[in-house]
Amino acid sequence: SRRLRAIAAQQLGEGSVAVRAALGGSRRCNAGRVTQVACASRGLKKWPPPNPYAVRQTLCRGPAATQEVTWKQFTVGKRPLAIDSVVYLGIDAHKQRLHLTLLVGDEVIHRSISNRREELRALLRRLPGCTIQAAYEAGPTGYSLLLWLRAEGCQAFLTPPSTVLKEKSAHIKTDRRDSLALAVQLRAGQLKRVHELEPDAYLDRELTRTREQLIQRRTGICNQIKSKLLFHGVTMPTGVSSWSKAHLHWLENGPSGRAQLDLCLASLVRMYRALTAEAKMLSKEIEALGQTEKYAEKVELLRTVPGIGMLSAMIFLIELGDISRFDTCEEFASYLGLVPGEFSSGETRHQRRITRWGNKRARTVVVESSWTLISKDPRMRQVYDDIKRRRGAGRAIVAIGRRLALTLRAMLRDNVGYQLPA
């Protein structure tokens, strides 16, 4: 009965997956197999049972540990997908499902399973003695799948989605095609790896990125307020600075004289104040983190540069991680997206604006800090003026940002502070 099958799953101790299997809700193992394994572990070797009451009597004996019950017993009867081979596994990961493509020699195997560790484990156990290399694209699913794969003995890594080669002529996109492309390029050694931070660094990064998200939302609120005032022809009083206490007080106290509009403005101002308070709280947490032993020395080193404060230094350090992994200046500048794009063919050579590929947060820090740097350092100011005269202010400040980025790399590498000219 359904009740006896549920009891069998509970006594096996396999959790909710086995309970679903006992109730016939899993495609990986049927309910009869669950009950059979549970009875076998309690001494009932003959199957089917000799009489209808044999199962009830066996399961009511209690949790007798006559043999160990593992997930391998649930996959008995399923043929191995490969044995003692090298398997290249491409995974197209989604919130609910995983589509997997396995390359075993010349054979291509496609499977689709739920995004659950138990189902992934059951599939990998059908590859006994195999060396499994796996890759999937970095995305919203994070690093949980990567940890599951490594716990099962796979050589797994994440790859940047922008570096996976796509067929330009293909007008069909499916999970099967995406996972196959990953598996093929993994076997060819064409996939790049996402740099992995230390486990604590991911949590530190949540502080800086959440603060950034709050600031962006606050900016959106400011734009909404200005848009409403412009649309309804309401002008701000003279002598009041934007978003100062006086400005916010004016917005909260009916600046238009129209009840509906004033109600909307007051609501937006309350949201602005709440986001500001949360951003300040996270800023204090980041500053406290910057004074810990892990970051304090490097933060003080970076703060010798005019234009770089505590928050900028922490964002730069957390986003980049171990900066010694960059062997050359060109490699570091390319990671920040501060190198010119190029489209050349034959004798024709065209250079474009910077690629903007890589970590945009670290790039924003160095470019924004460059505005303060050129006002404090006369050498940088001279370089900025020369480039501005020839190429314009936008290209000039980006060029200064590239120089600053390479300077910061050298400072961290050599443990030397920034020196302004006498």
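Okay, so when I say buried today, I mean under 20% relative accessible area. And keep in mind that we're looking at a predicted model.

Let's start with Thr159. Is it buried or exposed? Its relative accessible area comes out at 0%, so Thr159 is buried. You'll find it in strand β5, which covers residues 155-159. The side chain has a polar partner there: one of its polar atoms sits 2.8 Å from the backbone oxygen of Lys192. And who else is around? Setting aside anything within four places in sequence, the contacts of Thr159 include Tyr136, Glu137 and Ala138. Also in contact with Thr159 are Val164, Leu182, Leu191, Lys192 and Val194. So Lys192 turns up twice, since it's in that contact list and it also provides the backbone oxygen.

Next, another strand residue. Arg111 is in β3, residues 107-114. This one is partly exposed, because its relative accessible area is 25% and the buried label needs a value under 20%. Beyond four places in sequence, Arg111 touches Leu81, Leu98, His99, Leu100 and Leu123. Take Leu98 from that list: Leu98 and Arg111 are 13 residues apart in sequence, with 8.3 Å between their C-alpha atoms.

Now on to the helices, beginning with α8, residues 199-231. How many residues does it have, and how far does it reach? There are 33 residues, and from the first C-alpha to the last it's 49 Å, close to the 48 Å you'd expect at 1.5 Å a residue. Quite a few positions in α8 are buried, among them Ala201, Tyr202, Asp204, Arg205 and Thr208. Further along, Arg211, Leu214, Ile221, Cys222, Ile225 and Leu229 are buried as well. And what covers them? The cover includes α9, α10 and α12, with α10 running 259-290 and α12 running 310-320.

After α8 comes Gly233, with a positive phi near 70 degrees. Then, in the loop between α8 and α9, there's Pro237. Pro237 has a relative accessible area of 33%, so it's partly exposed. Its C-alpha is 8.8 Å from that of Trp250, which is 13 residues away along the chain.

Speaking of positive phi, most residues other than glycine have a negative one. Here are two non-glycine residues that go positive. Asp84 has phi near 50 degrees, and it's in the loop between α4 and β1. Asp84 is at 60% relative accessibility, so it counts as exposed. The other is Arg356, with phi near 60 degrees, in the loop between β7 and α14. Arg356 is at 49% relative accessible area, which makes it partly exposed, given that exposed starts over 50%.

That loop hands us over to α14, so let's finish there. How do α14 and α16 pack? Helix α14, residues 360-376, meets α16, residues 393-414, at about 100 degrees, with the axes 8 Å apart. So the two helices are roughly perpendicular. On the α14 side, the contact is made by Val366, Val367, Ser369, Ser370, Trp371, Leu373 and Ile374. On the α16 side, you've got Ile397, Ile400, Gly401, Leu404, Ala405 and Leu408. Sort those contact residues by type and you get 10 nonpolar, three polar and no charged.

Definitions and conventions: Residues are numbered from 1 along each chain as its sequence is written. This is a predicted model: local features need pLDDT of at least 70, side-chain atom pairs count only at pLDDT 80 or more; totals for chains, interfaces and linings use all residues. Side-chain values use heavy atoms; hydrogens and water are left out. Helices (H or I, at least four residues) and strands (E, at least two) are DSSP runs, numbered from the N terminus. Buried means under 20% relative accessible area, exposed over 50%, partly exposed in between (1.4 Å probe, protein chains only). A polar contact is a pair of N or O atoms within 3.5 Å; within protein, one must be able to donate a hydrogen and the other to accept it, and residues adjacent in sequence count only if both atoms are side-chain atoms. Contact means heavy atoms within 4.5 Å. Axes are lines fitted to C-alpha atoms, for helices over the stretch in contact, and angles run from 0 to 180 degrees between N-to-C directions. Angles under 35 degrees count as roughly parallel, over 145 as roughly antiparallel, 65 to 115 as roughly perpendicular and the rest as oblique. Ala, Val, Leu, Ile, Met, Phe, Trp, Tyr, Cys and Pro count as nonpolar, Asp, Glu, Lys and Arg as charged, and the others, Gly among them, as polar. The expected span of a helix is 1.5 Å times one less than its number of residues.
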